[in-house]
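Dear colleague,

I am passing on the structure we talked about, with the sequence alongside. Please open both before reading on, as my notes follow below.

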Amino acid sequence: MNFLDPAVAKYLDDLVPERPAEMREMERIANETNFPIIGPVSGHLCYLVARMIGARRIFELGSGYGYSTAWFAKAVRENGGGEVHHVVWDAELSGRARTHLDRLGYSGLIKYHVAEAVETLRNADGPFDLIFNDINKRDYPASIDVITPKLRRGGVLIIDNMLWSGRILDTADQSPDTDGVRTVTRRIMTSSDWTASIVPVRDGVMVAHRT
């Protein structure tokens, strides 16, 4: 579902500063293979938030072949250095990410994990300044119990796919993934632990400040 007029979406994409050739290549691959990346506008939003809070320790729950990781690594480097944890189940995806991120010059900033994302965060040494959540949507609600103690107060949680291609608006859709998106939205938006908003770009990005 297009939540924005295509002309508006293109306008916003065109406003994103020019990316390195390797990131453009990652975008091309996503377009040609229908691989779900967060895209330029959402990626730049993630970069902006990370820069604004001075994030130097970032953990990604679900990292694909490293497109979102590249945006976070750019912010961390400009914030003075630190680490971004890239986590995927698939060793082939992890290898592809390493190739892209090495070409971008981020190799010293990335910690790679081939494992289940939430359990990896559970065993990681916190706290983190920013956590990005893009796992299976049915697992969103349970992940919050692990995320909260690993995120510093004043830190930011970013969750992707919060508009879920419009499926959240279909009352007949009671699938586990759609229910997961609805449930985590209600939990974050009604909790005194968080101040949050959903930014309606691409598939909806929640930005939540841990109070």
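Thr120 is found in helix α6, which covers residues 117-122, and in this predicted model the residue is buried, with a relative accessible area of 14%. Leaving out residues up to four places away in sequence, Thr120 touches Phe59, Val87, His113 and Ala115. Val88 is 32 residues from Thr120 in sequence, while the C-alpha atoms of the two are 10.0 Å apart in space.

Phe59, one of the residues that Thr120 touches, also takes part in an aromatic pair with Phe128, which is edge-to-face, with 5.3 Å from centre to centre and 65° between the planes. This pair links distant parts of the chain, since Phe59 belongs to strand β1 (residues 57-61) and Phe128 to strand β4 (residues 128-133), 69 residues apart. Both Phe59 and Phe128 are buried. The ring of Phe128 has a further partner in Arg57, which lies over its face at 4.3 Å from the ring centre. A similar arrangement involves Arg167 and Trp164, where the charged end of the arginine sits over the tryptophan ring, 4.1 Å from its centre.

A search of the whole structure finds five aromatic pairs, and another of them is formed by Tyr67 and Trp71, which is edge-to-face at 6.4 Å centre to centre, with 80° between the planes. These two residues both lie in helix α4 (residues 67-78), four residues apart, or about one turn of the helix. An α-helix has 3.6 residues a turn, so residues three or four places apart point the same way. Tyr67 is buried, with a relative accessible area of 2%, and Trp71 is likewise buried, with a relative accessible area of 2%. Together with Tyr47, Tyr67 and Trp71 form one aromatic cluster.

Tyr67 also appears in the surroundings of Ile37, a residue of the loop between α2 and α3, which at 13% relative accessibility counts as buried. Apart from its neighbours within four places in sequence, Ile37 is in contact with Met26, Glu27, Ala30, Tyr65, Tyr67 and Arg202. Ile37 and Ser68 are 31 residues apart in sequence, yet their C-alpha atoms are 7.3 Å apart in space.

Met26, which is among the contacts of Ile37, brings us to the packing of two helices, α2 (residues 21-33) and α5 (residues 91-103), whose axes are 9 Å apart and meet at an angle of about 150°. Because angles over 145 degrees count as roughly antiparallel, α2 and α5 are roughly antiparallel to each other. On the side of α2 the contact is made by Glu22, Met26 and Ile29, and on the side of α5 by Arg96, His100 and Arg103. Those residues divide into two nonpolar, one polar and three charged.

Which residues of helix α7 are buried? They are Tyr140, Pro141, Ser143, Ile144, Val146, Ile147, Thr148 and Lys150. With eight of its eleven residues buried, helix α7 (residues 140-150) is therefore largely enclosed by the rest of the structure.

With best wishes

Definitions and conventions:
Residues numbered from 1 in each chain as written. Predicted model: local features only at pLDDT ≥ 70, side-chain atom pairs only at ≥ 80, totals over all residues. Heavy atoms only, no water. Axes fitted to C-alpha atoms, helices over the stretch in contact; angles between N-to-C directions. Parallel < 35°, antiparallel > 145°, perpendicular 65-115°, else oblique. Contact = heavy atoms within 4.5 Å. Nonpolar A, V, L, I, M, F, W, Y, C, P; charged D, E, K, R; others polar. Phe/Tyr/Trp six-rings, centres within 6.5 Å; stacked < 30°, edge-to-face > 60°. Buried < 20%, exposed > 50% of the residue type's maximum accessible area, 1.4 Å probe, protein only. Lys NZ or Arg CZ within 6 Å of the ring centre and 35° of its normal.
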